[in-house]
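The following exercises are intended for a reader new to this structure. Each consists of a task and a solution that proceeds step by step.

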Amino acid sequence: MWRRVALLSSLISHSKPSMHNQGPCTFKIWESFTSQSEVVTPSKAAPFITFVLGGPGSGKGTQCAKIVEAFGFTHVSAGDLLRREIASNSAYGSVILSTIREGKIVPSQVTVQLILKEMESSDNCKFLIDGFPRSEENRKAFEQVIGAEPDVVLFFDCPEQEMVKRVLNRNQGRVDDNIETIKKRLEVFDELNWPIVNYYTQRGKLHRINAVGTVDEIFEKVRPIFSALRSEVVERVRVMVVDRELDS
Ligand SMILES: Nc1ncnc2c1ncn2[C@@H]1O[C@H](COP(=O)(O)OP(=O)(O)OP(=O)(O)O)[C@@H](O)[C@H]1O
Ligand SMILES: Nc1ccn([C@H]2C[C@H](O)[C@@H](COP(=O)(O)O)O2)c(=O)n1
Ligand SMILES: [Mg+2]
């Protein structure tokens with residue numbers, strides 16, 4: 001039913017040593033992902049995946065850090081992976097840089113391969129995929145390549161004015177933290193985000209969180225979501241560990 005992942009593009013640089021098949025939760029995909037017509041449903045023996053949605057500056061990264069601390073997830077930020085790719089001068093680096101500068105979305109194939117590589121290199125079984133999907137194309141590419149859907153989707157809902165204020169105060173030297181790029185990012189967000197929100201709402205997976213308030217106030221809205229899921233996550237990790245032991 002399962003087979004090991006062997007899909008990584010050689011065009012993507014290896015900035016972290018590969019630990020394929022070494023961790024307790026060796027990452028696998030369904031053989032059936034090659035069948036495009038097949039509906040993909042989550043399996044018990046799959047990593048526990050949370051997608052984290054929200055506009056620029058809505059506080060995704062900040063809340064992910066709190067979830068990691070409280071619940072032991074591994075944080076995979078699509079934006080950070082793309083920035084790392086730029087810094088490593090890989091084949092895609094200059095295209096990614098100009099895309100980010102223009103406030104646009106990098107082709108899904110690139111982003112999904114980076115996410116997959118990061119998940120494979122982790123010995124954890126529970127992931128927060130931050131800033132992904134940013135478009136329906138992103139979402140479909142993830143399902144096709146990884147062969148799984150997220151278990152949970154968080155959406156940090158924040159007014160535009162507040163997002164702009166936070167981004168302009170961020171002060172981390174990001175090339176997209178300027179008013180021109182923010183305007184474009186907000187336009188792209190408004191155009192592409194809602195179909196994703198609707199899709200996961202219909203599937204009963206979306207948690208919309210009002211992202212106005214202090215960091216701690218917002219986390220107190222996030223915490224119960226993961227507390228309620230604790231036994232499901234523990235069971236998933238157990239199944240994956242057993243699965244791996246049977247495999248080895
Ligand atoms: N609740 C909050 N109140 C005030 N400032 C916040 C809050 N949450 C995060 N911030 C600050 O706002 C800025 C943006 O937060 P963060 O980087 O977490 O957003 P993000 O959603 O990851 O944005 P991006 O999509 O651009 O990566 C940071 O400087 C962060 O410290
Ligand atoms: N799925 C994604 C995620 C990010 N990007 C690009 C475009 C974003 O403006 C930039 C920064 O991401 P952030 O750190 O704000 O999450 O990275 C993308 O193209 N596709
Ligand atoms: Mg972020």
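**Exercise 1. Helix 5 and the residue after it**

In helix 5, which spans residues 136-146, the buried residues are N138, R139, A141, F142, E143, V145 and I146. The model is a predicted one.

Task: State which residue follows helix 5 and give the sign of its phi.

Solution. Step 1: The residue that follows helix 5 is G147. Step 2: The phi of G147 is positive, near 75 degrees.

**Exercise 2. The surroundings of ligand 2**

Task: Determine which residues come nearest to ligand 2, which polar contacts they and others form with it, and how much of the ligand the protein covers.

Solution. Step 1: Ligand 2 has 16 residues around it, and the nearest are R83, V106, N138, R174 and R185. One of them, N138, belongs to the buried residues of helix 5.

Step 2: The side chain of N138 has an N or O atom 3.0 Å from a nitrogen atom of ligand 2. Two contacts involve the backbone: an N or O atom of V106 lies 2.7 Å from an oxygen atom of ligand 2, and an N or O atom of G131 lies 3.0 Å from a nitrogen atom of the ligand.

Step 3: On its own, ligand 2 has 440 Å² of accessible area, of which the protein covers 96%.

Step 4: The shell around ligand 2 consists of six nonpolar, four polar and six charged residues. Helix 2 (residues 78-87) gives the most to this shell, namely four residues.

**Exercise 3. The surroundings of ligand 1**

Task: Carry out the corresponding analysis for ligand 1, beginning with the residues closest to it.

Solution. Step 1: Ligand 1 is surrounded by 16 residues, with G57, K60, T62, R170 and G213 the closest.

Step 2: A backbone N or O atom of G213 lies 2.8 Å from a nitrogen atom of ligand 1. For S58, a backbone N or O atom lies 3.3 Å from an oxygen atom of the ligand. In R166 the side chain takes part, with an N or O atom 3.4 Å from a nitrogen atom of ligand 1.

Step 3: Ligand 1 taken alone exposes 630 Å², and the protein buries 78% of that area.

Step 4: Both helix 1 (60-71) and helix 8 (215-247) supply at least two residues of the shell around ligand 1. Helix 1 provides the largest share, three residues.

Step 5: By class, the shell around ligand 1 contains three nonpolar, eight polar and five charged residues.

**Exercise 4. A lysine in a loop**

Task: Is K205 buried or exposed, and with which residue does its side chain form a polar contact?

Solution. Step 1: K205 is located in the loop between helix 7 (179-202) and strand 7 (206-210).

Step 2: The relative accessible area of K205 is 13%. The limit for a buried residue is under 20%. K205 is therefore buried.

Step 3: The side chain of K205 is joined to that of E149 by a polar contact of 2.8 Å.

**Exercise 5. An isoleucine in a strand**

Task: Locate I49, classify it as buried or exposed, and compare its separation from I196 in sequence and in space.

Solution. Step 1: I49 is part of strand 3, residues 48-54.

Step 2: With a relative accessible area of 1%, I49 is buried.

Step 3: In sequence, I49 and I196 are 147 residues apart. In space, the C-alpha atoms of I49 and I196 are 16 Å apart.

Notes:
Residues numbered from 1 in each chain as written. Chains lettered and ligands numbered in written order. Predicted model: local features only at pLDDT ≥ 70, side-chain atom pairs only at ≥ 80, totals over all residues. Heavy atoms only, no water. Near = heavy atom within 4 Å. Polar contact = N/O pair within 3.5 Å; in protein donor to acceptor, adjacent residues only side chain to side chain. Areas by Shrake-Rupley, 256 points an atom, 1.4 Å probe, with all protein chains shown as cover. Nonpolar A, V, L, I, M, F, W, Y, C, P; charged D, E, K, R; others polar. Buried < 20%, exposed > 50% of the residue type's maximum accessible area, 1.4 Å probe, protein only.
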